[in-house]
Amino acid sequence: MACRTDTCCMKLLFLLSLLVAVFIGFDGVKERFYIFDQNVLHTVAKRNIELYSNDTRLMLNNIAKDLDKEYPGHVQLKEEWVFNNAGGAMGSMWILHASITEYVIIFGTPVGTEGHTGRFFADDYFIILEGEQWAYNAGALTREVYKNTCL
């Protein structure tokens, strides 16, 4: 019986080692599967903020259209908003793109919100289109303020 348990433990250890190796391997090449470039996203956002700062709806729709021109077939142009409550931050979002490796959303609320983004290993890029975001790091005694066009 002890021999069977040792064999099971060895198989389990082998499978776990294999899974860790596969995870590390995929993590090292995940950038190859990215569609969107943060610099292009920032350029598109800045251009539309400058053009449509007086009309938020027009700004959002033109951001989606411009991204669809940059990345044909990868952007959801139909404006569908869903509520989202993540980390206590309540708002609504329009999912422009979602895949296993990345997503692009427009998130916001006209009444303000607060919460946290959490801690995670993903690359996260926030581009403020209108208003501002306040943030701080653990242990900080003063806030950081991010205004529109900040990345």
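How many disulfides does the structure hold? The count is 0 in this predicted model. A disulfide is a covalent bond between the sulfur atoms of two cysteines. The sulfur of Cys8 has its closest cysteine sulfur in Cys9, at 7.0 Å, which is too far for a bond. The cut-off for a disulfide is 2.5 Å between the sulfur atoms. Cys9 is likewise in no disulfide, and its nearest cysteine sulfur is that of Cys8. The two residues fall into separate accessibility classes. Cys8 is exposed, with a relative accessibility of 51%. Cys9 is partly exposed, at 46%.

Salt bridges were examined next. The count comes to 5. One of them pairs Arg47 with Asp66, with the closest N and O atoms 3.3 Å apart. Arg47 belongs to helix 2 (residues 38-52) and Asp66 to helix 3 (residues 56-70), so this salt bridge ties together parts that lie 19 residues apart in sequence. Arg47 is partly exposed, with 34% relative accessibility. Asp66 is buried, because its relative accessible area is 13% and the buried class covers values under 20%.

Asp66 also takes part in a second pairing. Its side chain meets that of Lys69 in a salt bridge, with an N to O distance of 4.0 Å. Both residues lie in helix 3, 3 residues apart, so about one helical turn separates them. Lys69 is exposed, at 64% relative accessible area. Asp66 is thus a buried residue with a salt bridge to partly exposed Arg47 and another to exposed Lys69. Leaving aside residues up to four places away in sequence, Asp66 touches Val44, Arg47 and Asn48.

A further salt bridge joins Lys78 and Glu80. Here the closest N and O atoms are 3.7 Å apart. Lys78 is exposed, with 56% relative accessibility. Glu80 is partly exposed, at 44%. Through shared partners, salt bridges join Arg47, Asp66 and Lys69 into one network.

The nonpolar interior was then considered. The largest nonpolar core has 17 residues. Those with the most contacts inside this core are Phe36, Ile63, Leu67, Trp94, Leu96, Ile106 and Leu129. Four named elements each give two or more residues to the core: helix 2, helix 3, strand 2 (89-98) and strand 3 (103-108). Helix 3 gives the most, with 5 residues. Helix 3 also holds Asp66. This helix therefore contributes to the core and carries one end of the salt bridge to helix 2.

Trp94 was followed in more detail. Residues up to four places away in sequence were not counted. Trp94 touches Leu60, Asn61 and Ala64. Its contacts also include the run Gln76, Leu77, Lys78, Glu79, Glu80 and Trp81. Val104, Ile105 and Ile106 complete the list. Two of these contacts, Lys78 and Glu80, are the partners of the 3.7 Å salt bridge. Another, Ile106, is among the residues with the most contacts inside the largest nonpolar core.

Note on methods. Residues numbered from 1 in each chain as written. Predicted model: local features only at pLDDT ≥ 70, side-chain atom pairs only at ≥ 80, totals over all residues. Heavy atoms only, no water. Buried < 20%, exposed > 50% of the residue type's maximum accessible area, 1.4 Å probe, protein only. Core = buried A, V, L, I, M, F, W, Y, C linked by side-chain atoms within 4.5 Å. Contact = heavy atoms within 4.5 Å.
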